[in-house]
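Here's a quick look at how the nonpolar and aromatic side chains come together in this one. Have the structure open as you read.

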Amino acid sequence: MKALKNTNFQFPNQTNFYSGKVRDIYFFDDKLAMVATDRISAFDVILPEAIPYKGQVLNQIAASNLNATKDICPNWLESTPDPNVAIGIQCETYPVEMVIRGYLAGHAWREYSSGKRTLCGVSLPEGLKENDKLPQPIITPTTKAHEGHDEDISKEEILKQGLVSREEYEQLEKYTFALFERGTALAKEKGLILVDTKYEFGKKNETIYLIDEIHTPDSSRYFYAEGYEERQKRNEPQKQLSKEFVRQWLISNGFQGKDGQRVPEMTESVVNSISDRYLELYEKVTGEKFIKQDYFNVEERIKNNIISAIKA
C-alpha cells in the first residue's frame, strides 16, 4: 500500500515551512496549512516506514473533536479541505504542552514503578497499580521540544522560568480540565475511557486558542470501558486503543529511543497491522465507517486543495 511520507511544496505567498515529527506545516501571513502525513513517531523518534491512512485518521479525528469542543475554548481550525489537511489560524505557540492524566498509565506508570511519587510537582499516593484510576485528573506538563525528547516540568518551574505568565497558565489549566472532562464524556458514549491526553495552546491578538490535534490516538490513550474493572482486579493488561501498541512492539524488540538502540525492522506485515489498528481506532473513536482515500496522485491533490483553501 502507498503512504504519504513527506511533502515539499512551494506555495504563492508562503512565508515559512516546518516539518515536524508527523506533520508538514506551511505558513502564510496569518494562516497555516497543516498536512498530516503518514509518518509515525514513538519515543520522539520518527520511524523509518510510513503507515497507510494514518494521516487521514488523525486529521479527521482531530477535526471532529475540535468541532465538538469549540464551545469550551476557541480553536485554530477553520477548514479541512483535504483528508490530510487542516487550515487554520496561525498563533504564537506556548512552549509547554498540557498533559492531563486520569489514570496511572504509560510514562506516568513507568516513573511511578521506578519509585517516584512526585510527577511534575504533583504528589501521587502509595499503593497504586498500573492503569489504576487516579483520585482526580492531574496535569503533568512537558516542555515542547522541536527536536529530541519533551521533558517533564512542574507548574512552579514553568512560572519560575517565565515560560508562561501565571494568569495565562491558570487559564490553560482551566481549559485543560474542561476539555478533558468533555473528552471523557465523548469517549464514554463510545464505550471508551479517556486515560490521558495532551493539549497545545497558542495565542493571537490576546486570545488563547487550542491548537494542533486533540483526542487522537497519537495524542491520547484510550481503554475499552467494558471489562476494565475485571482486568484491574485480575492484574491483567488493559485493552488499549492508542499508539501504545506501537511503543510496546518497539520495547519488546529492544528499542526505547535511547542512544545506541536501533529501530527494529518494520516489515510489510508490521506496517499493515499498524495501519489496520489505526482504522479500528478511527471507527471506534468516531463511531463512523472509515472511508479510505485514494492515494493516486495524492501530493498533487493535497497541493491543489491547499491552494484553493488559502485563496478562499
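A residue counts as buried when its relative accessible area is under 20%, and as partly exposed from there up to 50%. Keep in mind that this is a predicted model.

Let's begin with the rings. Tyr26 has a relative accessible area of 0%, so it falls in the buried class. Its partner Phe17 comes out at 28%, so that one is partly exposed. The two form a tilted aromatic pair, with 4.7 Å between centres and 45° between planes. They also belong to a bigger picture: ring pairs tie Phe17 and Tyr26 into a cluster with Phe9, Phe11 and Phe28. Over the structure, the count of aromatic pairs comes to 14.

Rings also show up under charged side chains. Here are two such cases:

| Charged residue | Ring | Distance to ring centre |
|---|---|---|
| Arg117 | Tyr112 | 3.7 Å |
| Arg277 | Phe245 | 4.1 Å |

Now for the nonpolar packing. Which residues have the most contacts inside the largest nonpolar core? They are Phe201, Ile274 and Tyr278, in a core of 75 residues. Helix α7, spanning residues 268-286, gives the most to this core, with eight residues. Apart from it there's another core of nine residues, including Leu104, Leu119, Leu124 and Ile138.

Tyr278 is worth a closer look. Leaving out residues up to four places away in sequence, Tyr278 touches Ile40, Ile51, Val57, Leu58, Pro217 and Phe245, among others. The list also includes Lys54, Asp218 and Lys243. Phe245 turns up twice, then: Tyr278 touches it, and Arg277 lies over its face.

How values were computed
Residues are numbered from 1 along each chain as its sequence is written. This is a predicted model: local features need pLDDT of at least 70, side-chain atom pairs count only at pLDDT 80 or more; totals for chains, interfaces and linings use all residues. Side-chain values use heavy atoms; hydrogens and water are left out. A nonpolar core is a set of buried Ala, Val, Leu, Ile, Met, Phe, Trp, Tyr and Cys residues joined through side-chain atoms within 4.5 Å. Buried means under 20% relative accessible area, exposed over 50%, partly exposed in between (1.4 Å probe, protein chains only). Helices (H or I, at least four residues) and strands (E, at least two) are DSSP runs, numbered from the N terminus. Contact means heavy atoms within 4.5 Å. Rings of Phe, Tyr and Trp (its six-membered ring) pair if their centres lie within 6.5 Å; planes under 30 degrees apart count as stacked, over 60 as edge-to-face and the rest as tilted. A charge sits over a ring if NZ of Lys or CZ of Arg is within 6 Å of the ring centre and within 35 degrees of the ring normal.
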